[in-house]
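Trainee: Could you walk me through one part of this model in detail? I would like a close look at the pocket, and then at whatever else you find worth a glance.

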Amino acid sequence: MLDALGFSWDPKGDMWERNFALLEQFKAREGHCNAPRSHKEDGASLGSWLGNQRTAMKQGRLDESYQGRLERLGVTWDQFADQWERNFALLEQFKDREGHCVVTQSHEEDGVTLGAWLGHQRKGKRGYNLSSERVERLEGLGVSWDPLEDQWERNFALLEQYKEREGH
């Protein structure tokens, strides 16, 4: 009789399935699974639910079948590391096109304020908050840690060339 009334014998599992279906809907529309924490989808707090799945995963409490389904859909567990990698790829794209990594603070690349991101990396290095692996990768690309000093040196070299050429 309860079955005929639509009674759920597994409300927690049913809620998980509903949120997963909403995440599939979100991905179909947006092309990714990174719903912001505050995002609501059809009245459900999808972003919060996704954050809870990430937390459960980090704490080893996420059911393996749920984990596998989320991963196959494209959920990433460390969104900050993924964002760093996307921004680094944008910096590589910028360098390939421009031939250097001198990015102005306000420069946008594919909707990302790449100059501001690079400024945060410099600040992180100065504060010893940037991993040595990331420092090496940025240096390997040709990132300058003190672009103002580099600019001063370039301008001084131009002044020396001028003096050599003009004699004063």
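Mentor: Happy to! Keep in mind that this is a predicted model. The largest pocket holds about 280 Å³ of space. It is lined by 14 residues, and those closest to its centre are Lys12, Trp16, Gln53, Leu62 and Tyr66. Two elements, α1 and α2 (46-58), each give two or more residues to this lining. Helix α1 supplies the largest share, with five residues. By character, the lining of the largest pocket divides into six nonpolar, four polar and four charged residues. As for how such space is found, rolling a probe the size of a water molecule over the atoms shows where empty space is left.

Let us stay with α1 for a moment. This helix covers residues 11-30, and Asn19 lies in it. Asn19 counts as buried because its relative accessibility is 5%, which is under the 20% cut-off. Leaving aside residues up to four places away in sequence, Asn19 touches Ala44, Leu46 and Trp49.

Now for the cysteines you may have spotted. Cys33 has a relative accessibility of 2%, so Cys33 counts as buried. Cys101 is buried too, with a relative accessible area of 4%. A disulfide is a covalent bond between the sulfur atoms of two cysteines. The structure holds zero disulfides.

Conventions: Residues are numbered from 1 along each chain as its sequence is written. This is a predicted model: local features need pLDDT of at least 70, side-chain atom pairs count only at pLDDT 80 or more; totals for chains, interfaces and linings use all residues. Side-chain values use heavy atoms; hydrogens and water are left out. Helices (H or I, at least four residues) and strands (E, at least two) are DSSP runs, numbered from the N terminus. Buried means under 20% relative accessible area, exposed over 50%, partly exposed in between (1.4 Å probe, protein chains only). Contact means heavy atoms within 4.5 Å. A disulfide is a pair of cysteine sulfur atoms within 2.5 Å. On a 1 Å grid over the protein atoms alone, a cavity is a set of points where a 1.4 Å probe fits but cannot get out, and a pocket is an open set with protein on both sides within 12 Å along at least five of seven lines; lining residues have an atom within 4 Å of a point. Grid points are joined across faces, edges and corners, and a volume is the space filled by probe spheres set on the points. Ala, Val, Leu, Ile, Met, Phe, Trp, Tyr, Cys and Pro count as nonpolar, Asp, Glu, Lys and Arg as charged, and the others, Gly among them, as polar.
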